[in-house]
Amino acid sequence: MTNDILSITRSKQLHQIGQSLNQQIKLIPCGLSKIQIQKQQQRKHVLKTYFNASEDNWNDWKWQISHRVHTLETLSDLMQFTPSQISDIQRVSAQFRFSISPYYLSLIDYESPINDPIGKMSLPSVKELIELGESDPSAEEHTNPAGKVVRRYPNRAIINITNCCASFCRHCQRKRIIGTHDCMISAIELDESITYIQNHSEIHDVLITGGDALTLSDSQLQQILSKLKSISHVYIIRIGSRTLVNMPQRITKSLVHILKQYAPIYINTQFNHPLEITPEAFHACKLLTDNGIILGNQMVLLKGINNNKFIVQCLNEQLLSMRVRPYYMFHAKNVSGTMHFQTSITEGIDILTHLWGNTSGLSIPRYIVSAPKGMGKIEITRDSILKKHNDIFDLTTWEGIPISIPDKLIL
């Protein structure tokens, strides 16, 4: 009888906690809600009319790429900006170009684009001109032994194959390579990259990224996958792509057919806010997972977008419904032009602490801070707070090298 009373009492406590949590989660806008779907459809209609596009055009990823919005004139035709905002966009885009797929543009609140979470990730902000940070904080240029290879670990390597993206994130870690035009890895650079990996039998895992690997054509991607798969010591091939988020039309049956030939293929994507989880994104993820492609999410912790425990919980639970495993929560890197997105490490720990117990373990990503100078990833846990002294975290790299990282850079 006593156990029954204790069980009922505890059940009531958990019910109250759960109800309070549900109320908070319901306040988070999500791209799968009826109201958001209606808003997106209305904006989609505006864009199709503006571009004189058919539904077939809209669903064609090549049309989406070729009709990316990259001028202030087009933005001003579609969205409401103040004169000062227009001036700011002109100043910023002269230094950092922007480009947004029509689909991703349809997710932004046109009446208040500057304050919209997706608008903040997509539209140029005068804050990008703050002269802080580094162009290459991960020292990729000094961990580039051949071709377009970046190597920071003994058994894995990256090949950066393009600077092209369906939409350029304003928080991009490789802002320095966006340049003025899209360009793919040259045949010589690709051969050098493949040869390097062939000559290093200790490399078992290769990540194809950029830019966005899935902005390549099917034939270009197949050529690269074929070359890597022919290397006997490469067991794992990963693709880094945000097209599931900003251009889900790219996930076609023909692409899936190619990926299946080189199984197992792992795709790491980057959903940062529940508004990015739409019926189109859901369908793209389903097409991949139904065909054995394994999906992981690498959210970037961004001030004013997702540095909120309820937003992160909502996002990660929605991701699981799409069979996308929350893999990493990345602390934003100290990249020039992105410093306004910086949070403190303590904020990240607070989010991580909230997730424990309040959601499934499947919904809890690893919280990662990148060590400077290409020294690799450092996992931050709740215990890391014990290593904080005078707003400095005393941590160690994967090699056991001691390193000090500020809780937050002062802007």
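**Aromatic contacts and a three-stranded sheet in a predicted model**

Y50, F51, W58 and W63 form one aromatic cluster. The coordinates analysed here are those of a predicted model. Across the whole structure, a search returns 6 aromatic pairs. Among them is the pair of W58 and W63, which is tilted, with a centre-to-centre distance of 6.1 Å and an angle of 45 degrees between the planes. Both partners lie below the 20% limit for burial: W58 has a relative accessible area of 0% and is therefore buried, and W63 also counts as buried, at 9% relative accessibility.

Y328 and F330 provide a further case. Their ring centres are 5.1 Å apart and their planes stand at 70 degrees, so this pair is classed as edge-to-face. Y328 is buried at 8% relative accessibility, and F330 is likewise buried, with a relative accessible area of 13%.

Aromatic rings are also approached by arginine side chains. R250 is placed over the face of W61, at 4.0 Å from the ring centre. R43 lies over the face of Y110, where the distance from the ring centre is 6.0 Å.

Turning to secondary structure, the protein contains 15 helices and 12 strands. Three of these elements, strands 10, 11 and 12, make up an open sheet in the order 10-11-12, with antiparallel pairing. Strand 10 (388-389) and strand 12 (402-406) each have a single partner strand and stand at the edges, so one side of each is left without a neighbour in the sheet. Strand 10 is joined to strand 11 (residues 392-396) by 2 bridges, and these two strands run antiparallel. Within strand 11, F393 is the residue that stands opposite K388. Helix 15 (residues 345-358) lies across strand 10, strand 11 and strand 12, and runs at about 70 degrees to strand 11.

The overall dimensions were also examined. For 411 residues, a compact globule would be expected to have a radius of gyration near 22 Å, and the protein agrees with this expectation because its own value is 22 Å. Taken along the principal axes, the C-alpha atoms fill a box of roughly 75 × 55 × 45 Å. Of the 411 residues in the protein, 52% are buried. When contacts between residues at least 6 apart in sequence are considered, 77% join residues at least 24 apart.

Key
Residues numbered from 1 in each chain as written. Predicted model: local features only at pLDDT ≥ 70, side-chain atom pairs only at ≥ 80, totals over all residues. Heavy atoms only, no water. Pairing = 2+ DSSP bridges. Helix = DSSP H or I, 4+ residues; strand = E, 2+ residues; numbered from the N terminus. Contact = heavy atoms within 4.5 Å. Axes fitted to C-alpha atoms, helices over the stretch in contact; angles between N-to-C directions. Phe/Tyr/Trp six-rings, centres within 6.5 Å; stacked < 30°, edge-to-face > 60°. Buried < 20%, exposed > 50% of the residue type's maximum accessible area, 1.4 Å probe, protein only. Lys NZ or Arg CZ within 6 Å of the ring centre and 35° of its normal. Rg over C-alpha atoms; globule rule 2.2 N^0.38 Å.
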